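Here is a short tour to follow with the model open beside you. We will start with the helices and then turn to the place where the chains meet.

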Amino acid sequence: MRSHHHGQYLAVDSICFIKILGNSGQSPIFYKTMSIVIETKDLSRVFKTYQKPEGLKNSLRGILKREYTSKIALDKTNLKIESGKIIGLVGANGAGKTTLLKMLSGLVTPSSGDALVLGYRPWERNYEFLRQISILLGQKNQLWWDISPVDSYALLARIYDLDITATRKRVQDLAEMLQCSHVLTTQLRRLSLGERMKMEIIGALLHEPRILFLDEPTIGLDIVAQENIRNFLANYVKEKEPTVILTSHYMDDIATLADRLLLISKGNIVYQGTVDEFVTNSNAELAQDEKVDFEEVIRRFLETESRIR
Amino acid sequence: MKKSFAVFLKRNLAFAKLAIVSNLEYRLNYFVDAIVQPLLTTGIEVLLWFAVFQGAHTTTINGFGREYYLSYALWGAFFARIATSWMYEFRMIEEISSGSINSLIVRPMSFYEYYLSQLLGYKFITTIISMFVPVIAAWIFDLPTIYSRIPLAIVLCFYYLILVHTISFIVSSIAFHLTKISSFTVAKNLLLWILTGELFPLDLIPDPFKKIIITLPFSSGVFLPVGYITNRVTHAEFMQGFVSVTIGLVLLNFLGAVLWKKGLSSYTGTGA
């Protein structure tokens with residue numbers, strides 16, 4: 001990976017992906033087809049956490065002196081992701097999925113290593129980069145809690161410099177596809193979890209991002225709502241072809257949507273390949289009369305993970 | 001360049017509207033905040049100055065009669081209402097400590113401009129609504145007020161508000177490292193209560209402290225605009241406020257940018 005930081009020229013494995021910038025902040029002039037849109041080199045993140053032993057005495061001691069431990073959330077990760085692919089990121093709780101997602105989207109700065117997403121270092125938060133990505137964190141609101149979704153979308157249109165009339169039309173279209181037009185003018189805080197998630201998805205797709213980071217988009221939803229959102233996303237990516245990185249604890253999401261699978265364990269990528277290859281390889285390791293499906297393979301993987309921990 | 005500036009303006013106008021729209025969702029809370037609170041503050045200050053003059057058995061303090069102090073109390077409460085930021089500073093800190101800032105920093109905008117425009121939008125609408133109180137009271141009780149000076153005094157106060165926001169930005173940057181820091185806001189605002197001249201006119205402070213405190217940019221929040229309206233401060237002294245706020249803005253924005261960058265690099269993307 002080579003990169004000249006301030007803007008004249010950037011190259012990531014020049015065979016796959018070349019991008020030339022004018023002055024800093026301008027849009028890329030050309031991309032080769034089938035480009036690598038995400039590439040990381042030894043990307044790592046270490047978190048330091050304060051350890052508080054039990055009791056008042058230790059609280060008082062902590063006023064003057066505190067003990068910290070370091071935890072490697074992501075360890076020297078190397079990745080290459082092609083444009084237009086849907087990547088299922090799977091791992092146990094605390095394996096490093098969300099940390100990876102947050103670094104690739106620019107929320108978190110790495111402790112060491114490097115990454116280029118669409119030719120930009122995500123944590124530099126270049127506006128041109130931010131205009132081309134979207135991140136949906138299933139456990140966090142991205143829209144404004146105290147106003148209605150339509151007011152939020154109008155605000156997003158201003159932030160992303162979108163045409164207001166075209167945005168309204170797009171909201172209507174997406175809302176019809178998600179069957180939630182009736183709640184567009186209701187204050188966000190008064191919506192059910194399922195309705196809220198649909199509103200969040202519309203908000204995340206409004207500016208037609210080239211890269212979409214989806215962290216648990218169906219978390220906490222009932223089976224019908226999960227299926228609706230899954231179907232919607234499947235149709236959307238077929239039509240718009242964004243690159244999607246998806247994490248989910250529901251293996252149906254991954255099996256239905258993902259082209260490729262990234263298995264992550266204790267901060268390390270332990271498998272990169274297609275879902276089918278993964279199942280075939282896993283079955284090859286089993287006894288001849290035993291056959292398991294994707295969900296079962298992942299379940300066994302996660303069980304092993306939690307035992308090792 | 002022109003286009004990006006137009007985009008910037010439209011975006012920030014939208015943030016200012018957001019502040020108005022989201023506050024008006026809770027109408028009663030807003031009107032208590034915009035009308036009842038300044039009325040109560042004014043009442044307390046007026047009573048205080050009545051008590052001071054009665055207890056001191058004098059008709060003037062530092063060369064000004066009771067009416068001047070009542071007018072100062074009335075306009076002081078109004079300007080202090082503009083020049084302080086509790087609500088938005090708490091929100092900024094909360095965004096960082098709770099991790100809800102995640103939804104802001106992945107968008108093509110800055111946290112600084114997002115909250116500054118909201119603060120200005122909120123204060124603008126609140127100023128229009130709450131200004132009726134001192135104008136009507138000053139007119140009914142015939143308190144010393146130079147009405148023609150009010151617009152320029154409000155301009156200085158709003159300019160100072162940018163400095164207030166920059167201080168809030170600095171305080172909230174500390175939340176990246178310390179998480180719970182609302183006590184910083186309380187301590188800082190108590191200090192500003194005195195330094196702005198909200199508690200009492202700054203010209204009552206003995207020299208040399210008086211000169212130093214009035215030279216600081218904080219006097220542009222209350223003392224200079226109110227002193228200008230109530231004729232305690234000359235035009236030249238008043239204009240000096242623009243200079244001191246500008247110097248403060250340059251220094252504090254530099255400090256804020258450094259702290260923000262340092263804070264973001266250590267940010268762990270709390271939650272989710």
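## A helix that spans what it should

This is a predicted model, and helix α3 of chain B (residues 66–83) is a good place to begin. At 1.5 Å a residue, its 18 residues should span 26 Å, and the C-alpha atoms at its ends are 25 Å apart, which agrees.

Now look at what surrounds α3(B). Of its 18 residues, 16 are buried, so the helix is largely enclosed by the rest of the structure.

## How α3(B) meets α8(B)

One helix to view alongside it is α8(B): the axes of α3(B) and α8(B) are 9 Å apart and pack at an angle of about 40°. The two helices are therefore oblique to each other, since that angle falls outside the roughly parallel class, which needs under 35 degrees.

From α3(B), the contact uses Phe79(B), Ile82(B) and Ala83(B), while α8(B) brings Cys157(B), Tyr160(B), Leu161(B) and Val164(B). What classes of residue meet here? The contact has 7 nonpolar residues, with no polar and no charged ones. As a reminder, an α-helix has 3.6 residues a turn, so residues three or four places apart point the same way.

## How α4(B) meets α8(B)

Helix α8 of chain B (residues 150–178) also meets helix α4 of chain B (residues 87–98). Their axes come within 8 Å and cross at roughly 25°, so α4(B) and α8(B) are roughly parallel to each other. The crossing of α4(B) past α8(B) is right-handed.

On the α4(B) side, the contact is made by Tyr88(B), Glu89(B), Met92(B), Ile93(B), Ile96(B) and Ser97(B). Facing them on α8(B) are Ser168(B), Val171(B), Ser172(B), Ala175(B) and Phe176(B). By class, the residues in this contact of α4(B) with α8(B) are 7 nonpolar, 3 polar and 1 charged.

## Chain A as a whole

Chain A has 10 helices and 12 strands. Buried residues make up 40% of its 309 residues. Among contacts in chain A with a separation of 6 or more, 65% join residues 24 or more positions apart.

## Where the two chains touch

How many residues does each chain bring to the contact? Chain A supplies 29 residues and chain B supplies 24. On the chain A side, α2 (97–104), α3 (127–130), β8 (133–137) and α4 (149–159) each supply at least two residues.

Of the elements of chain A, α4(A) gives the most to this side, with 4 residues. The chain A side that touches chain B divides into 12 nonpolar, 8 polar and 9 charged residues.

Definitions and conventions: Residues numbered from 1 in each chain as written. Chains lettered and ligands numbered in written order. Predicted model: local features only at pLDDT ≥ 70, side-chain atom pairs only at ≥ 80, totals over all residues. Expected span 1.5 Å × (residues − 1). Buried ≥ 20, exposed ≤ 12 C-beta atoms within 10 Å, placed from the backbone. Axes fitted to C-alpha atoms, helices over the stretch in contact; angles between N-to-C directions. Parallel < 35°, antiparallel > 145°, perpendicular 65-115°, else oblique. Left-handed = near helix turned anticlockwise from the far one by under 90°. Contact = placed C-beta atoms within 7 Å. Nonpolar A, V, L, I, M, F, W, Y, C, P; charged D, E, K, R; others polar.
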